[in-house]
Amino acid sequence: MAIKRKDPTSWRPATRMVRGGTLRSPFAEMCEGIFMTSGFVYDEAAQAEDAFAGANQRFIYSRYSNPTVSMLEERLALIEGAEACRATASGMAAMFAALMCQLKAGDRVVSSRALFGACHYIISTLLPRYGMESVFVDGTDYDQWRDALSRPTACVFLETPSNPTTDVIDLRLVCDLAHAAGAKVIVDNVFATAVLQKPMEAGADLVMYSATKHIDGQGRALGGAILCDRAFIDQHLQTFLRNTGPSISPFNAWLLLKGLETLELRVNKMSDNALEIARFLEGRNGIRRVLYPGLASHPQHELAMRQMKGAGTMVAFEIDGGKKEAFAVVDRLKVIDISNNLGDAKSIATHPATTTHQRIGAEERARLGIADGLIRLSIGLEDVEDLKEDIAQALRGL
Ligand SMILES: *Cc1c(COP(=O)(O)O)cnc(C)c1O
C-alpha cells in the first residue's frame, strides 16, 4: 500500500524525527513494522533476474537493504539534511566503512588527534598496515591543519566536540583547507548529534554516527550511520557495504527508529541539564577545571556557540588529585552509574584514563589533556536537582 504523505523535505525538524521515512505495509499498521526477514520472494524467476540486474527498485536480501532499515536511513537523512544515509551494525562499522570504501594504498589521511579510542586505532594503526599514510594534528591548532593539508590528501577525519575533553574544532575552516587539498571530510558527530550541530552546512562531505549513543539513548542497541550524497553511495559505499556486510539487524534498526522520535526532546533537555551541572561544578572546592563548551571559561566557547545550537550532553572535570581520588568520587555516586556509554537517558560517570583511553598510553593521554583526575559525565534526563545532590555528596571528601 502506498502511503499518502506530504513531501517530507517540507517538514520541520521535529516532524521529520517522528514521521520521516515511514513505510506502511498492506496491514496499515500505525507503528513502523519490524521486518525480521533475511530474504524476499518473487512470483516468477524473471522477477528475480530483473531484481539482480537492478532493473527495478525492490528488496532482495537484507545484507543489501531491508524495509525497517530503509525507514531508519531515510529518517536519518531527513533529519541531517543529507541526500542519503546507510545504517550499519555499530558506530565503528560506520566509521570503518566510510574510510575503507574510498581509500587505497598510497592515500593520505589527516585527522584530529582527540578521537574516540577505536577511531584512533583505525587511523593510527590499521590504515598504515594497508599502505596508507596517517597524519595526526592537534584539532584546535590551525597552523598544524594548514601544514598537514599543504599536500594532496584523500580524507580528513575529525570529531568535535571531542571525547572526553570537549575541544571544539572550526568545521568551516577545516573543510575549506581540506577541500583545497582535494580531501573528503568525514565528521564524527556523535557528541553533538544532528540536533545541535550540522557539519554538512559547514561543508563536511560525510557525517557518521554511533547510533548506540543519543539516537538510541536508552541503552538498548548498537548501531551506526553514514550520511552523504547519493553519488558517494553509488560510487563507493553501496558496493563496499553490500560485499562486506556490516548490516544492522532490522530489530535494532527499529529500536533506533523509535529512538529518533524523541531525539530532539531528549538531547535539548540533556544539554540544558549538562549546562546546569557544568555551572554547578565550576568554582567548587577541589575542582581544578570544568570542560564544557557552554561555559564562558571554555577555550572555544565562542566558536561552539556559533557552530552549535547547544553545548551538548557531555561534561568533563578534573579534580585536585589523581586516580585514587577520582575513583573515590566516582565510587561515592549513588544516582549516576559508572559505565562507558554516553548519550543515555541515565546519567553516566566515566574515568577516561583507565577505561576508554587506557590503551592509547600515558604519553598520548598527557598530550590530549586526559589527566588521572579527569572524570567525564554524560548527563541524562533525571531531575537535575537529584544529579546535583548526588555529585555534591560524592565530592564532599575532596
Ligand atoms: C561510541 C562512539 C563510537 C563508536 O560507536 P559504537 O556504536 O560503539 O561502535 C565512535 N565515535 C564516538 C565519538 C563514540 O562515542
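This is a walk through one structure, stop by stop, with something to select at each. Keep in mind that you are looking at a predicted model.

**Stop 1: the ligand**

Start by selecting the ligand and the residues around it. Its surroundings are made up of S90, G91, M92, F116, E159, D188, V190, S210, T212, K213, G223 and L342. Now pick out G91: one of its backbone N or O atoms sits 2.9 Å from an oxygen atom of the ligand. Move along to M92, where a backbone N or O atom is likewise 2.9 Å from a ligand oxygen. Then click on K213. Here a polar side-chain atom does the job, at 2.7 Å from an oxygen atom of the ligand.

**Stop 2: helices α4 and α5**

M92 also takes part in the next stop, as one of the α4 residues that meet α5. Select residues 91-100 for α4 and residues 117-129 for α5; their axes come within 10 Å and cross at roughly 35 degrees. The crossing is right-handed. Which residues of α4 and α5 meet? On the α4 side, show M92, M95, F96, L99 and M100. From α5, add A118, C119, I122, I123, L126 and L127. Sorted by class, this contact has 11 nonpolar residues, with no polar and no charged ones.

**Stop 3: helices α3 and α10**

For another helix pair, select residues 67-80, which form α3, and residues 250-260, which form α10. Their axes are 8 Å apart, and the helices pack at an angle of about 35 degrees. This time α3 passes α10 in a left-handed crossing. To see the contact, show T68, V69, M71, L72, R75, L76 and I79 from α3, together with P250, A253, W254, L256, L257 and L260 from α10. By class, there are 11 nonpolar residues here, plus one polar and one charged.

Stay on α10 for a moment. How many of its 11 residues are buried? Eight are, so the helix counts as mostly covered, given that buried means under 20% relative accessible area. The buried set is P250, A253, W254, L255, L256, L257, G259 and L260. Show α1, α3 and α11 (263-281) as well, and you'll have the helices that these buried residues pack against. Before leaving, zoom in on the start of α10: a side-chain oxygen of S249 reaches to within 3.0 Å of the backbone nitrogen of F251.

**Stop 4: R108**

Next, click on R108, in strand β2 (residues 108-112). Is this arginine buried or exposed? R108 has 8% relative accessibility, so it counts as buried. Bring up the side chain of T153 too, and look for the polar contact it makes with the side chain of R108, at 2.9 Å. Leaving aside residues up to four places away in sequence, R108 touches E133, V135, A148, R151, P152, T153, A154 and C155.

**Stop 5: two cis peptide bonds**

Follow the chain to the loop between β4 (155-159) and α7 (171-180), where you'll find P161. The peptide bond joining T160 and P161 is cis, with omega about -10 degrees. P164 lies in the loop between β4 and α7 too, and the bond leading to P164 from N163 is also cis, with omega near 0 degrees.

**Stop 6: L374**

Keep P164 on screen and add L374, since P164 is one of the residues that L374 touches. You'll find L374 in strand β12 (residues 374-378). At 0% relative accessibility, L374 counts as buried. Other residues it touches include T165, L291, F317, E318, T350, H351, P352 and G369. A316 is also among them; try a distance label between the C-alpha atoms of L374 and A316, which are 58 residues apart along the chain but separated by 6.8 Å.

**Stop 7: two positive phi angles**

Finish with a pair of backbone details. Select A28, in the loop between α1 (13-19) and α2 (45-52). A28 isn't a glycine, yet its phi is positive, at about 60 degrees. With a relative accessible area of 44%, A28 is partly exposed. Then jump to T193, in helix α8 (residues 193-196). T193 isn't a glycine either, and has a positive phi of about 70 degrees. Its relative accessible area is 4%, so T193 is buried.

Definitions and conventions
Residues numbered from 1 in each chain as written. Predicted model: local features only at pLDDT ≥ 70, side-chain atom pairs only at ≥ 80, totals over all residues. Heavy atoms only, no water. Helix = DSSP H or I, 4+ residues; strand = E, 2+ residues; numbered from the N terminus. Buried < 20%, exposed > 50% of the residue type's maximum accessible area, 1.4 Å probe, protein only. Polar contact = N/O pair within 3.5 Å; in protein donor to acceptor, adjacent residues only side chain to side chain. Contact = heavy atoms within 4.5 Å. Axes fitted to C-alpha atoms, helices over the stretch in contact; angles between N-to-C directions. Left-handed = near helix turned anticlockwise from the far one by under 90°. Nonpolar A, V, L, I, M, F, W, Y, C, P; charged D, E, K, R; others polar. Near = heavy atom within 4 Å.
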